[in-house]
Amino acid sequence: MGLRIGIVGVTGAVGQEALHLLEGGTLPIAEIRLFASSRSADRILSFRHEPIRVEEVGEERLAALDYVFFSAGGSVSRRYAPIAVKGGAVVIDNSSAFRMADEVPLVVPEVNAKTLRRHSGIIANPNCTAAILATAVWPLHQAAVVERIVVATYQAASGAGAKALSELDAQVRQYAAGEAIRKKVFPEQIAFNVFSHNTPVDESGFNEEENKVAQEIRKIFGEPTLGICATCIRVPVFRAHSEAIVLETRRKLSAEEAREILRHAPGVVVVDDRQANQFPTPLEAAGKREILVGRLREDPSHPRALALFVSGDQLLKGAAWNAIQILERLAA
Ligand code: HSE
């Protein structure tokens, strides 16, 4: 018997990726229902050569589905995910609405797939930056116990949505034409500039994105006291987030040992060729399901610390692909 699957937020960037991944995947799908806000409802999308009408998300429409993927923001998830669960579905939620709830597993399948066994209807997909970091760092944590993580992120404009991406494109054109740069989505000029994340800052000075990275990594790793200091930065890259990471480990890990561990790790590709000067870039990572990891170096300023640089597609492993991996495991 095939699965009945719903995607809420199908016209957004993550929803589109999820649809394409399901289309090209091997899951037996009997029915697919596509949902969006009233603004995007009634559009016709195609799935495995069949036209499918996008429905406006509504309470009664979410019944009789086996799995529903939500990627329409926290308020839509808070309102409709419990209704989908009541109707019998398991929800995989891409928003931050339920991520830190005790009864909700927060899952990166390469790290903590076993927590999928104890869900009560909702499973959370992590923040993109946390999913990318977790995939790259977990194999090293298993080998040498990571005690502290210092990370600086380089997050693509598309992480802030389609309008943000258009703003970057428009500002590049405005700059080339000598026009005044117009800002709407971002608080600062994004073209030819970088700035720290424009999410709210708490009283300690860390912004929401930085706090999410710390809290979510602790939950995913099952390490409530793991030390994490994040600085989240927006960069004028179209797609794929990068992260410069320094890890302090309990056991000393050489760069070569770390490289070897990562070469055998799931979801990771080592790109660390010093001779050819080839290392991870967001351009290279865009469109790939794996996280590219390189620039592995022993930190000369600390006896047990390792530096690395990673790039990963925030729409794939950072969102849609992670969710499809969860779905594949649930449906197996
Ligand atoms: N919070 C992330 C960002 C979204 O703003 O980049 C995931 O791409």
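**Entry 1. Helices at the largest pocket**

I looked up which elements line the largest pocket of this predicted model. Five helices each supply at least two residues of the lining: helix 1 (13-24), helix 2 (74-86), helix 5 (162-176), helix 6 (208-221) and helix 9 (316-331). I then checked which of them gives the most, and it is helix 2, with 4 residues.

For the pocket as a whole I noted a volume of about 1300 Å³. I counted 47 residues in its lining. S71, G73, G159, A160 and G161 are the lining residues that lie nearest the centre. By class, I have 22 polar, 17 nonpolar and 8 charged residues in this lining.

**Entry 2. The ligand**

Where does the ligand sit? I found that the space it takes is the largest pocket.

I listed the residues around the ligand as N127, C128, Q155, G159, H197, E209, R234, H241 and Q314. G159 is on this list, and G159 is also one of the residues nearest the centre of the largest pocket. I sorted the shell by class and got 6 polar residues, 2 charged and 1 nonpolar.

Next I went through side-chain contacts to the ligand.

- Q155 has a side-chain N or O atom 2.9 Å from an oxygen atom of the ligand.
- H241 also places a polar side-chain atom 2.9 Å from a ligand oxygen atom.
- E209 has a polar side-chain atom 2.9 Å from a nitrogen atom of the ligand.

I then asked how much of the ligand the protein covers. On its own the ligand has 260 Å² of accessible area, and the protein covers 79% of that.

**Entry 3. The second largest pocket**

I moved on to the second largest pocket and noted a volume of about 250 Å³. Its lining has 15 residues, and N112, T115, R118, K219 and I220 are the ones nearest the centre. Helix 3 (109-112) and helix 6 are the elements that give two or more residues to this lining. Helix 6 gives the most, with 3 residues. Helix 6 was already on my list for the largest pocket, where it supplies at least two lining residues.

I recorded the classes here as 7 nonpolar, 5 charged and 3 polar residues.

**Entry 4. The cavity**

How many cavities of 30 Å³ or more does a search of the whole structure find? I got 1. About 50 Å³ of space lies in the largest cavity.

I wrote down its lining as I5, I7, A18, L22, F69, I92, A323, I324 and L327. Strand 1 (3-8), helix 1 and helix 9 each supply at least two of the lining residues. The largest share comes from helix 9, with 3 residues. I noted that helix 1 and helix 9 appear in the lining of the largest pocket as well, each with at least two residues.

Is this lining polar or nonpolar? I sorted it into 9 nonpolar residues, with no polar and no charged ones.

**Entry 5. Recap**

I kept three items for later reference. The ligand takes the space of the largest pocket, and Q155, E209 and H241 are among the residues around the ligand. Helix 6 gives the most to the lining of the second largest pocket. Helix 9 gives the largest share of the lining of the largest cavity.

How values were computed
Residues numbered from 1 in each chain as written. Predicted model: local features only at pLDDT ≥ 70, side-chain atom pairs only at ≥ 80, totals over all residues. Heavy atoms only, no water. Near = heavy atom within 4 Å. Polar contact = N/O pair within 3.5 Å; in protein donor to acceptor, adjacent residues only side chain to side chain. Areas by Shrake-Rupley, 256 points an atom, 1.4 Å probe, with all protein chains shown as cover. 1 Å grid on protein atoms, 1.4 Å probe; cavity = no way out; pocket = protein on both sides within 12 Å on 5 of 7 lines; lining within 4 Å. Sits in = over half its atoms within 2 Å of the grid points. Nonpolar A, V, L, I, M, F, W, Y, C, P; charged D, E, K, R; others polar. Points joined across faces, edges and corners; volume = space filled by probe spheres on them.
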